[in-house]
Amino acid sequence: MICLSEDVIVTGGAGFIGSNLVRYLTNKGFRVKVIDNLSSGNINNIKDLVNKGLINFLKMDLKFIKPNELKQVFSNSRVVYHLAANPEVRVSVVNPQVHFYENVVATFNVLEACRLAGVDVLVFTSSSTVYGDAKKLPTPEDYHPLVPISIYGAAKLASENLIITYSKLYGFKALILRLANIVGPYQTHGVIVDFIRKLKRNPKVLEILGDGTQRKSYLHISDLLSAIDVTLDYILKSSMNFEIFNVGNNDWVTVKEIADIVVDEMGLNNVKYVFRPGTKDGRGWVGDVKFMLLDISKITSIGWKPKYSSATAIRLAVRALLGKKV
């Protein structure tokens with residue numbers, strides 16, 4: 001177990017998942033250091049914690065920082081939660097360099113700092129996009145070949161390989177979590193945010209990227225936080241150098257079903273859906289995985305299961321983003 005008197009590091013701690021994790025760890029009594037360059041994160045997500053002196057915020061860019069400098073920040077920490085990344089999958093298609101530097105180079109610098117500082121465990125938030133268009137659904141962790149169809153997915157897979165090799169060579173443990181679509185408070189991108197913004201501008205018409213039949217699994221942020229706890233406890237007790245877990249839901253929903261939930265929660269009627277397929281087979285854009293459902297039997301076998309279904313997770317996220325009580 002991790003001692004509450006020790007520091008933990010959260011990279012990307014001002015982002016959507018990161019800020020929720022920071023609050024979760026702080027509420028449990030951990031001393032948290034947050035590293036973020038605020039390129040996609042927002043300091044307002046954690047400003048109250050900073051002002052109260054509950055966390056130590058460091059504005060740093062992991063793309064450019066030297067590992068020796070980062071070593072000083074990591075020196076008193078056993079666990080590093082590495083969440084810093086550019087989260088926009090669509091951006092990777094038109095500007096692949098962004099994902100190479102912000103995902104791969106940043107991960108390498110974090111790994112070097114972990115090696116130099118003697119960190120015990122690195123927790124890495126990877127993505128279901130590493131599977132690409134998987135031919136087996138639900139998709140298990142040992143599915144092969146891994147053929148991402150976006151630069152984002154390729155960058156996550158490259159980072160996974162770097163992490164696994166570092167853990168084998170230098171002895172620290174690595175926990176890799178391949179996430180489904182995570183939703184909840186502080187979310188700033190994704191289909192739910194896109195729909196809410198569009199409907200606020202025009203409550204009569206909703207443009208939907210793709211043909212609406214895209215079907216994916218969604219997980220509420222609170223379920224992810226409990227999954228991180230369970231898997232971290234597991235690897236700390238394990239003799240393995242690294243572990244990979246899918247973290248998702250048992251079910252999935254279509255994009256049209258998500259639109260229906262958003263429209264319902266916004267109290268709208270007679271909204272016209274206009275579908276804009278980005279590819280011949282109805283994807284939202286080139287590089288968009290059309291069908292994603294993770295096999296979560298491995299993580300459920302160690303005592304975790306999601307509390308909320310995909311549809312309920314989406315509804316709770318919509319309510320939070322609209323400022324409703326949940």
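Which residue in E2 is the bridge partner of Thr11? Keep that in mind as you open the model, which is a predicted one.

**Stop 1: the parallel sheet**

Start with the strands. Select E3, E2, E1, E4, E5, E6 and E11, in that order. These 7 strands form an open sheet, and their pairing is parallel. Now look at the two ends of the row. Strand E3, residues 55–59, is one edge, and strand E11, residues 242–247, is the other. Each of these edge strands pairs on one side only. Turn the sheet and follow its twist, which averages 15 degrees from one strand to the next.

**Stop 2: E1 and E2**

Zoom in on strand E1, residues 7–11. It runs parallel to E2, and 5 bridges join the two. Select Thr11 and look across to E2: the bridge partner is Ile35. That settles the opening question.

Stay with E2, residues 31–36. How many of the 6 residues of E2 are buried? The count is 5, so the strand is largely enclosed by the rest of the structure.

While you have these strands on screen, recall how such pairing works. Strands of a sheet pair through backbone hydrogen bonds, either parallel or antiparallel. Side chains in a regular strand alternate between the two faces of the sheet.

**Stop 3: E6 and E11**

Move to the E11 edge. Select E6, residues 173–179. E6 and E11 run parallel and are joined by 6 bridges. Pick Leu175 and look opposite: Glu243 in E11 stands there. E11 is an edge strand, yet it is mostly covered, with 5 of its 6 residues buried.

**Stop 4: helices on the sheet**

Add helix H8, residues 221–237. H8 lies across E4, E5, E6 and E11. Its direction is at about 150 degrees to E6.

Next, show helix H5, residues 96–117. Within H5, select Asn103. Is Asn103 buried or exposed? It counts as buried because its relative accessibility is 2%, and the cut-off for buried is under 20%. Now display what surrounds this side chain. Leaving aside neighbours within four places in sequence, Asn103 is in contact with Ala85, Asn86, Val98, Tyr152, Ala155 and Ser159.

**Stop 5: two cis peptide bonds**

Go to the loop between strand E5, residues 121–127, and helix H6, residues 151–170. Pro138 is found there. Select it together with Leu137. The peptide bond from Leu137 to Pro138 is cis, with omega near -5 degrees.

Continue along the loop between E5 and H6 to Pro145. A cis peptide bond joins His144 and Pro145 as well. Here omega is about 0 degrees.

**Stop 6: two positive phi angles**

Select Leu38, in the loop between strand E2 and helix H2, residues 47–51. Leu38 is not a glycine, although its phi is positive, at about 65 degrees. It counts as partly exposed because its relative accessibility is 26%.

Then jump to Tyr186. You will find it in the loop between strand E7, residues 181–183, and helix H7, residues 191–201. Its phi is near 75 degrees, a positive value in a residue other than glycine. Tyr186 is partly exposed too, with a relative accessible area of 29%.

**Stop 7: the three-stranded sheet**

Select E12, E9 and E14, in that order. These 3 strands form an open sheet with mixed pairing. Its edge strands are E12, residues 253–254, and E14, residues 291–292. Strand E9, residues 215–216, pairs with E14 in the parallel sense over 2 bridges. To see one partnership, select Arg215: its bridge partner in E14 is Phe291.

**Stop 8: the cavity**

Keep Phe291 selected, since the last stop includes this residue. The structure holds 1 cavity of 30 Å³ or more. About 40 Å³ of space lies in the largest cavity.

Which residues line the largest cavity? Select Ser128, Tyr131, Gly132, Ala134, Thr139, Val289, Phe291, Met292, Leu293 and Leu294. Colour them by class to finish. The lining has 7 nonpolar, 3 polar and no charged residues.

Technical notes:
Residues are numbered from 1 along each chain as its sequence is written. This is a predicted model: local features need pLDDT of at least 70, side-chain atom pairs count only at pLDDT 80 or more; totals for chains, interfaces and linings use all residues. Side-chain values use heavy atoms; hydrogens and water are left out. Helices (H or I, at least four residues) and strands (E, at least two) are DSSP runs, numbered from the N terminus. Buried means under 20% relative accessible area, exposed over 50%, partly exposed in between (1.4 Å probe, protein chains only). Contact means heavy atoms within 4.5 Å. Two strands pair if DSSP finds at least two bridges between them. Axes are lines fitted to C-alpha atoms, for helices over the stretch in contact, and angles run from 0 to 180 degrees between N-to-C directions. On a 1 Å grid over the protein atoms alone, a cavity is a set of points where a 1.4 Å probe fits but cannot get out, and a pocket is an open set with protein on both sides within 12 Å along at least five of seven lines; lining residues have an atom within 4 Å of a point. Grid points are joined across faces, edges and corners, and a volume is the space filled by probe spheres set on the points. Ala, Val, Leu, Ile, Met, Phe, Trp, Tyr, Cys and Pro count as nonpolar, Asp, Glu, Lys and Arg as charged, and the others, Gly among them, as polar.
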